[in-house]
Amino acid sequence: MRQSNAYVIGFAAVLTVVLGGLLALAAVGLREPQQKAVKLDTRTKILSAVMEIQEGDDVNRIWEERINSLVVDIDGDVVGELDNGTAVIAEQIDVGKEFKKPAQDRLFPVFQFMNEQGQVDSYIIPVYGNGLWDRIWGFVALEKDLVTIRGVRFDHKGETPGLGARITDGEVQDRYIGKKIYSNVGELVSIQMVKSEAGDPSIYDEYHVDGMSGATMTANGVNDMLLKYFKYYSSYFKTIETADKEAIEEGEQIEEIEESETQLIDEQANQ
Amino acid sequence: MSAQVSETQDIQVAKKPAEELFSKRRRKLISDPLNDDNPITVQVLGICSALAVTSQMYPTTIMAMAVVVVVVMSNLTISAMRNIIPNRIRIIVQLAIVASLVILVDQVLKAYAYDVSRELSVFVGLIITNCIVMGRLEAFAMGNKPYDSILDGLGSGFGYAWIILAVAFFRELFGAGAIYGFEVFNAIGLENFPNNGLMVTPVGAFLILGLIIWVQRSKTGYVEK
C-alpha cells in the first residue's frame, strides 16, 4: 500500500499543504518583528554616521528626538507625496531601488541630525554604488556647513575580506572625518581615496584620503559613489545655503532688535 | 504446562526493562560524532559552511546553533514519520522537511538577530544542502526511533559545532586579534601584534581545519580506507 501511486501522490500533497501552511504561518507571525528589526538596523546605521552607538542605546528614542527626515528630488525640492498621493517616508526609501531609476526620477532622502536645541547639527545622506564585486552603500554625514565630512559609514555585499571589505572598518572610515567636498571657491571636488596605502594621514590634503592596499578597485567604486551622490544632492545643498544666509540676515536683524531692547531694559533698571 | 510457559514468557517480558534514558549505546550516539566519527573531520561533510562562516566567533555560534536545531528537529520529524514515508519519494520528503525547518530558522533569525542573519546571509539557507543533515536523516533517522534520533542529531550537531567554533576561535584570534569582538591582544598588552590577513580569508579556515584533522587523526589513529 505504501508503494502505490495513489499513496505517494496523496502523501506528497498532504506534506506540501502542511509544510506550506506552517511556513505561511511563520511568515505572517514574524512579519512585525522582522520589520522592526530592519527599521532598527537602518536607524542604527544612519545614526552611527554622526555618533557612536553603544550596545544598549535606545536607538529608536534617539532617532525620534534627534532626527528630522525629508525627501528631495534632483532639483533639491522637497517631495511630500508621490504622484499617486501616498506620503513619502524617507526611512522607507530603498536607495538601491532608486539607484536603478534615471537620476531625475529618483527620490533622495535626507536625515537632519538635530542638536539638543532643535537646530540642524548635521546632514546625513545615503550613498549607493558599485564596488569591485557587488554593490556598496553607506551614509555620509556632513557638518552643517555642508562642506566638511563629519563621518561616514560604508557597507558592502561582496567585497574581498581583508581587502575591499575594509571599507567597513572604523579605521578606514575615520580617514574621511574632517575632509572637505567643496573647494574654497565653492566647486564640488568630492573626496578621492588614492591608490596605495601610505599609513600616514598627514601627507594628504583636504580632498584626499589614504588608500587601501590591494583594494584600489573598491576605492574607485567608493570615490565614484561619493562624487555622484554629492552631485545629486548639490541642488539641495544650495537651497539650504541660501535659506541659511537669509536666516542669518534675519537673525542679525533680530539680534539688533533684541540688543536695543535689552539696552532699554537695562537703562530702565538703572533708573 | 502451557500455563508455565506463558508465565515464563510474562517474566521474560517483565525482565526486559525499557532501555535506560542514557544507556551506553545512547551515550555513544552522542559521543561518537564528537570525535571518532566527527562529521567534519572524519566524514568530511559540511566543509563549505565551515570555511565560509567561521571568520568570527559570534556568527559562528549562531550558525552552529542553527545547524544543531535543524539536525535535531529534522531527525525527530523524519524518525516519527519513518513508517509512513513512501520509500520512492523519501529523499524529497526529507528535503522538504529540512528546507522548511531551515526557512523557519532563517525567518526567526531575521526577526530576532537581524545583524547576524545578514552576516550569515545565504549560509543559513545553505544548511539545506549541508550533507550532515541529509546524511543523518538517510543513515539514521529513517531506521531508528525518535528519541534515539534526537540523540544522534545532538551528537552530529555538536560534532559540527565544536569544530567550526574551534576554527572560528583561531581565525578571529589571529585574523582580528579578538574573541567575540573582545580585543585579546590589546588587553594583554601586545598592542602591536599584527593581524594575519590569511586568517580572514577562507584559506585560513582550510589550514586550521587541516591542522585539526591532522592532530585528531594522529591521536585516534584513523586512516582513510
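Student: How many salt bridges are there over all chains?
Tutor: The count comes to 23 over all chains. Keep in mind that this is a predicted model.

Student: OK, which residue does A:Glu64 meet in a salt bridge?
Tutor: Its partner is A:Arg43. The N to O distance is 3.7 Å.

Student: Where do those two sit in chain A?
Tutor: A:Glu64 is in helix H2, residues 59-66, and A:Arg43 is in helix H1, residues 5-48. They are 21 residues apart in sequence, so the pair ties those parts together.

Student: And how many salt bridges cross the interface of chain B and chain A?
Tutor: One. B:Arg118 pairs with A:Asp155 there. Their closest N and O atoms are 2.9 Å apart.

Student: How many residue pairs are in polar contact between the two chains?
Tutor: Four, counting pairs with both residues at pLDDT 80 or more.

Student: Which elements of chain B give two or more residues to the side that touches chain A?
Tutor: Helix H5 (90-112) and helix H6 (114-120) of chain B. H5(B) gives the most, with 11 residues.

Student: What kinds of residues are on that side of chain B?
Tutor: They split into 15 nonpolar, five polar and four charged.

Student: How many residues does each chain bring to the contact?
Tutor: Chain B brings 24 residues and chain A brings 25.

Student: What area is buried between them?
Tutor: About 2,000 Å². Carbon and sulfur atoms give 66% of that.

Student: Which three residues supply more than any other three on the chain B side?
Tutor: B:Pro86, B:Arg88 and B:Tyr114. Together they supply 24% of the area that chain B buries against chain A.

Student: New topic. How many aromatic pairs are there over all chains?
Tutor: There are 13. One of them is A:Phe108 with A:Tyr233.

Student: Is that pair stacked or edge-to-face?
Tutor: Edge-to-face. The centres are 5.3 Å apart, with 65° between the planes.

Student: Which parts of the chain does the pair link?
Tutor: Distant ones. A:Phe108 is in strand E2, residues 108-114, and A:Tyr233 is in helix H5 of chain A, residues 216-270. The two residues are 125 apart.

Student: Last one. What should helix H9 of chain B span?
Tutor: This helix has 31 residues, 146-176. At 1.5 Å a residue, it should span 45 Å. The end C-alpha atoms are 42 Å apart, which agrees.

Student: What comes just after H9(B)?
Tutor: B:Gly177, which takes a positive phi of about 65°.

How values were computed
Residues numbered from 1 in each chain as written. Chains lettered and ligands numbered in written order. Predicted model: local features only at pLDDT ≥ 70, side-chain atom pairs only at ≥ 80, totals over all residues. Heavy atoms only, no water. Contact = heavy atoms within 4.5 Å. Buried area = accessible area lost by both parts, 1.4 Å probe. Salt bridge = Lys/Arg side-chain N within 4 Å of Asp/Glu carboxyl O. Polar contact = N/O pair within 3.5 Å; in protein donor to acceptor, adjacent residues only side chain to side chain. Helix = DSSP H or I, 4+ residues; strand = E, 2+ residues; numbered from the N terminus. Nonpolar A, V, L, I, M, F, W, Y, C, P; charged D, E, K, R; others polar. Expected span 1.5 Å × (residues − 1). Phe/Tyr/Trp six-rings, centres within 6.5 Å; stacked < 30°, edge-to-face > 60°.
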